[in-house]
Amino acid sequence: MITGGNISCITFSHHKGGTGKTTSCLNVAGFLALAGKRVLVVDADPQANATMGLGIYPDSRRRHMYDVFMSVFEGFPNVPITEVITKTEAGIDLAPSNLDLVGVEPSLYMIDDRAGILRDLLEPVRHAYDYILIDTPPSMGQFVINGLVAADHIVVTIDAGIFALRGIDGLETIFADIGEIVGHRVTADLAVLTRWEEAPPLMSEPSVRPGLAGLLSRLFKRGAPQIPAAEPLSQGGATEAERRARIEAEVKRRFGRVETVPFSREVYEAQQRGLPIAQYAPDSPAGLAYRRIAEGVLAW
Ligand SMILES: Nc1ncnc2c1ncn2[C@@H]1O[C@H](COP(=O)(O)OP(=O)(O)OP(=O)(O)O)[C@@H](O)[C@H]1O
Ligand SMILES: [Mg+2]
């Protein structure tokens, strides 16, 4: 059973796109809510994927995080975060985003103490929630910096991409920069390796390629095309499993705590329904993994 109860702000981050930030944010949020915790998700990404992933269509809301951020500028209405927060079907509160948020970032550069703006904007709700989870965009920009400065804990998400290890170097550069801003060392409390264990068929072992030949031959109704024996996609001749084991070991060495989440079709299905997996398919492979991760979060 899930227990625990610290007030904390957790930021999900990686400058690379599509590594599973939003998925991890929403699904950890889902299990925390299921455990009876008061949870707020702050969507700090103009793509508004966390907003939509919780079943809220951005245009259905009058006020968004855009308005909250713009409050810091003269001439804009004062919109505290409490005014944009909405309840969602999953029992999670949401500070929604929309595409307008893109327009905030250039303005932020006019403010000297810009890194702490989100932290300050969250102040009015810090004690209204057990957990505040911040979803950030794939960039090295102000929303990520603000999310990291506001965080008590940081979760980085890493996918199985060929350049996964190179991405970690980029993360460490960002953390070093933030460390200089906040005046202490910044590191991730947890790395989540997403869509792990089961790569999409055509990207995994070369041995599946005859399947592609068969598929092409069915599509074009000709004889099976001659596909030459493929070079392994992984570098150095390592198998996909070996490559992943290497990444896992390296991530563990750098971040200490690592969790893996398998590929699971229920993740996509849940997103389509505007629900976290905790509320849609808690016993699916990804559901079980995110439950374990949420249990770890509760123990922080
Ligand atoms: N465990 C999983 N199983 C299946 N699909 C997954 C899993 N994790 C993530 N995905 C899918 O991968 C895609 C990218 O995930 P997600 O949107 O969470 O990444 P992101 O890092 O937030 O992306 P962005 O950088 O654009 O914000 C989504 O379509 C999501 O449904
Ligand atoms: Mg995202």
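User: Happy to start with the basics: what share of the 300 residues of the protein chain counts as buried?

Analyst: Welcome! This is a predicted model, and its protein chain has 12 helices and 8 strands. A residue counts as buried if 20 or more other C-beta atoms lie within 10 Å of its own. Of the 300 residues of the protein chain, the share that counts as buried is 40%.

User: Among contacts with a separation of 6 or more, what percentage joins residues 24 or more positions apart?

Analyst: Two residues are in contact if their C-beta atoms lie within 7 Å. Taking the contacts in the protein chain with a separation of 6 or more, the part from residues 24 or more positions apart is 74%.

User: Let's look at helix α6. How many of its 9 residues are buried?

Analyst: Helix α6 spans residues 142-150, and its buried residues are Q142, F143, V144, I145, N146, G147, L148 and A150. Their cover includes β1, α4, α5, β5, β6 and α7. The helix is largely enclosed by the rest of the structure, because the number of buried residues among its 9 is 8.

User: How are α6 and α7 oriented to each other?

Analyst: The axes of α6 and α7 (residues 164-182) come within 10 Å and cross at roughly 60°. The crossing is right-handed. V144, I145, L148 and V149 of α6 meet I174, I178, I181 and V182 of α7, and these contact residues divide into 8 nonpolar, no polar and no charged. With that crossing angle, the two helices are therefore oblique.

User: And what is the orientation of α7 to α9?

Analyst: Helix α9 covers residues 240-255, and its axis lies 10 Å from that of α7, at an angle of about 15°. Angles under 35 degrees fall in one class, so α7 and α9 are roughly parallel.

User: Which residues make the contact of α7 with α9, and how do they divide by type?

Analyst: The crossing of α7 and α9 is right-handed. From α7 come A164, L165 and I168, while α9 gives I247, E250, V251 and R254. By type, the residues of this contact are 5 nonpolar, no polar and 2 charged.

User: Is A95 buried or exposed?

Analyst: A95 sits in strand β4 (residues 93-95). Leaving out residues up to four places away in sequence, A95 touches L40, V42, D43, M65, I81, V84 and I85. The C-alpha atoms of A95 and D43 are 6.0 Å apart, although 52 residues separate the two along the chain. Since A95 has 26 C-beta neighbours inside 10 Å, it counts as buried.

User: What sign does phi have at A48 and at R195?

Analyst: Most residues other than glycine have a negative phi. A48 lies in the loop between β2 and α2, and R195 lies in strand β7. A48 is buried, with 24 other C-beta atoms within 10 Å, and R195 counts as buried with 22 such neighbours. Phi is about 60° at A48 and about 50° at R195, and neither residue is a glycine, so the sign at each is positive.

User: Finally, which residues come nearest to ligand 1?

Analyst: The shell around ligand 1 divides into 7 nonpolar, 12 polar and 3 charged residues. Of the 22 residues around ligand 1, those that come nearest are G17, K21, T22, T23 and P138.

User: Which elements give two or more residues to that shell around ligand 1?

Analyst: One of these elements is a strand, β7 (190-196). With the helices included, the elements are α1 (21-34), β7 and α10 (265-272).

Key: Residues numbered from 1 in each chain as written. Chains lettered and ligands numbered in written order. Predicted model: local features only at pLDDT ≥ 70, side-chain atom pairs only at ≥ 80, totals over all residues. Near = placed C-beta within 6 Å. Helix = DSSP H or I, 4+ residues; strand = E, 2+ residues; numbered from the N terminus. Nonpolar A, V, L, I, M, F, W, Y, C, P; charged D, E, K, R; others polar. Buried ≥ 20, exposed ≤ 12 C-beta atoms within 10 Å, placed from the backbone. Axes fitted to C-alpha atoms, helices over the stretch in contact; angles between N-to-C directions. Parallel < 35°, antiparallel > 145°, perpendicular 65-115°, else oblique. Left-handed = near helix turned anticlockwise from the far one by under 90°.
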